[in-house]
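I opened this entry to keep track of what I looked up, one topic after another. My topics were charged pairs, cysteines and the spaces inside the fold.

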Amino acid sequence: GQRVIQVENSFIVLTGHSALNMVLGRQVYASNTQLGGTQIMFNNGVSHNTVKDDFSGVLGILKWLSYVPKFKGAGLPIAPSTDPFNRVIEFMPTSTPYDPRHMVGGTTVDGEWLGGFFDKGSWVECLNNWAKTVVTGRARLGGIPMGVICVETRAVECEEPADPANLDTETKITAQAGQVWYPDSAYKTAQAIRDFNREELPLIIFANWRGFSGGMRDMYGEILKYGSYIVDGLVEYKHPVFIYIPPYGELRGGAWVVVDPKINPEVMEMYADRDSRGGIVEPEATVSVQFKHKDLVKAMKRIDPQYSDLQSKVEGEDLNQEDMRKCVAELRNREAYLKPAYHVVSTTFADLHDTPQRMMAKGVIHDILDWRTAREFFYWKVRRKISESQVEQELKVANKKMNHGQIQSMLRRWFVESKGPLQNYLWDDNRAVVEWLEDAEERQSITDNIKIIQREALIQKIDTLAGGSEETSLEAVIGLLQKMSSRNQGEVRKLLDSFIPQEIEDEREEIAE
């Protein structure tokens, strides 16, 4: 991945300020810090973190490396944790804007610590000052390192400095709404996904986006391209990815499209909190399309007796002009009186389509979670995914033709054979599966099964190479026997003797006598 830690009094430049001043023919820039100091490089995403001195920088490097395997395929550096994995998450997200860092890392309120989703003190944010509508970093869950992406719910400001070399420029401050992807934050999300994948970290995305900013300025800023980078990153991801819609969070339209588990179903799973929402558009927008004024009027006529009677009188021919005028006025007053209530009901009805229960019924999420206990759930889920991934890699080495679905079916069959058919339901219990995979005796049994699969795959490969010819197969067997040791040749002879029919064996004994 890309990792840049910059000391506060240092600079990163392409051309020094003196050379630029010579090119411009006047004194414009006063120092290299003005060109590439932290106020530039930390704000544009070139520098991931800033520190006060070199010693702090070295500590930052060591802290960063503590989340990364020592070499590719080495396994995650799981550290002992003093924060119990099964504790209740004390910080509760609200329906009003809040700091998402408190949700993942915890915070102190009135002198009391409120624990967040991850282990206390393990949250390390990167790219803090760039693309502030998305928050990225690394943290530990029960000692397990993970990549984290969450959403800023508050409005932020994006500052673009003026260039002293161009007197026509001025500092621009752009307001950015929370829960929205902009070109810079979409690119930041894609870059974080790519870096976490290279670091072989499990990834959890706290999805709380209402969509992409699709204004003309953002379309010109290539938001479509950067949004597609998110999909590309998830397609290439080789490690567990969890999409979790937190309490009072919502996932809508185009934002859902780029994080849908169908992008990479082998590694991605989506979960939703009981108080979350998800759908194409928000309830108010649905009502504006599906329940327009004329539709509400039809509902009033069908449901409200008083409105129905007034409507019948207006449509009748028995009223004179004065009574008709009064009746129409009463009808309009009744309509104005009922409309707010009918609008609320229609909005509530539209909101029912976005609940986690409907998402679960449609099969677009894997489960509905409670925020307070989500930490323990994901701890066992991540451990299960890591253990299953290790076995899956061994199986794919044994037989390269096996796919993810076949391996999952095989693991489930082995689990049921081990636990018995009466405990088949435990396959859905993450903790039970982890304990089974990590048990020494069970692991040895799995290893033995993998060896059998490897042997069968090798035999099948030899048969395929022989092209079904018995003569070629015989020559292959002879060639293999000649390369074996005397001891192994004796074992093969015993095995071949066991295949000889009893009648032939009896004849051989008679001849010998």
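**Charged pairs**

I began with Glu-438, which counts as partly exposed because its relative accessibility is 45%. I noted at the outset that this is a predicted model. The side chain of Glu-438 meets that of Arg-383 in a salt bridge, with 2.4 Å from N to O. This pair links distant parts of the chain, since Arg-383 sits in helix α15 (residues 374-398) and Glu-438 in helix α17 (residues 430-438), 55 residues apart. Arg-383, unlike its partner, is buried, with a relative accessible area of 19%.

I then followed helix α15 to a second pair, in which Glu-394 forms a salt bridge with Arg-443 and the closest N and O atoms are 2.7 Å apart. Glu-394 lies in helix α15 and Arg-443 in helix α18 (residues 440-466), so this contact ties together parts that are 49 residues apart in sequence. Glu-394 itself is partly exposed, at 31% relative accessibility.

Elsewhere, I found salt bridges with shared partners that join Asp-99, Arg-101, Glu-125, Glu-152 and Arg-154 into one network. Within it, I looked up Arg-101 and Asp-99, whose closest N and O atoms are 3.0 Å apart. Arg-101 counts as partly exposed at 22% relative accessibility, while Asp-99 counts as buried at 15%. My search of the whole structure gave 27 salt bridges.

**Cysteines**

How many disulfides does a search of the whole structure find? I found 0. For Cys-150 the reason is distance, because the closest cysteine sulfur, in Cys-126, is 11 Å away and so too far for a bond. Cys-150 is buried at 0% relative accessibility, and Cys-327 also counts as buried, at 5%.

**Cavity and pocket**

I met Cys-126 again in the lining of the largest cavity, where other lining residues include His-48, Trp-64, Arg-138 and Asp-195. About 50 Å³ of space lies in this cavity, and the search found 1 cavity of 30 Å³ or more. Two elements, β6 (134-141) and α6 (183-198), give two or more residues to its lining, and α6 gives the most, with 4 residues.

The largest pocket holds about 1,200 Å³ of space. I counted 33 lining residues, of which Asn-43, Cys-158, Glu-159, Glu-160 and Pro-161 lie nearest the pocket's centre. Among the elements that give two or more residues to this lining are α2 (32-36), β9 (172-176) and α6, but β8 gives the most, with 5 residues. I recorded the pocket lining as 17 nonpolar, 8 polar and 8 charged residues.

Conventions: Residues are numbered from 1 along each chain as its sequence is written. This is a predicted model: local features need pLDDT of at least 70, side-chain atom pairs count only at pLDDT 80 or more; totals for chains, interfaces and linings use all residues. Side-chain values use heavy atoms; hydrogens and water are left out. A disulfide is a pair of cysteine sulfur atoms within 2.5 Å. Buried means under 20% relative accessible area, exposed over 50%, partly exposed in between (1.4 Å probe, protein chains only). On a 1 Å grid over the protein atoms alone, a cavity is a set of points where a 1.4 Å probe fits but cannot get out, and a pocket is an open set with protein on both sides within 12 Å along at least five of seven lines; lining residues have an atom within 4 Å of a point. Grid points are joined across faces, edges and corners, and a volume is the space filled by probe spheres set on the points. Ala, Val, Leu, Ile, Met, Phe, Trp, Tyr, Cys and Pro count as nonpolar, Asp, Glu, Lys and Arg as charged, and the others, Gly among them, as polar. A salt bridge is a side-chain nitrogen of Lys or Arg within 4 Å of a carboxyl oxygen of Asp or Glu.
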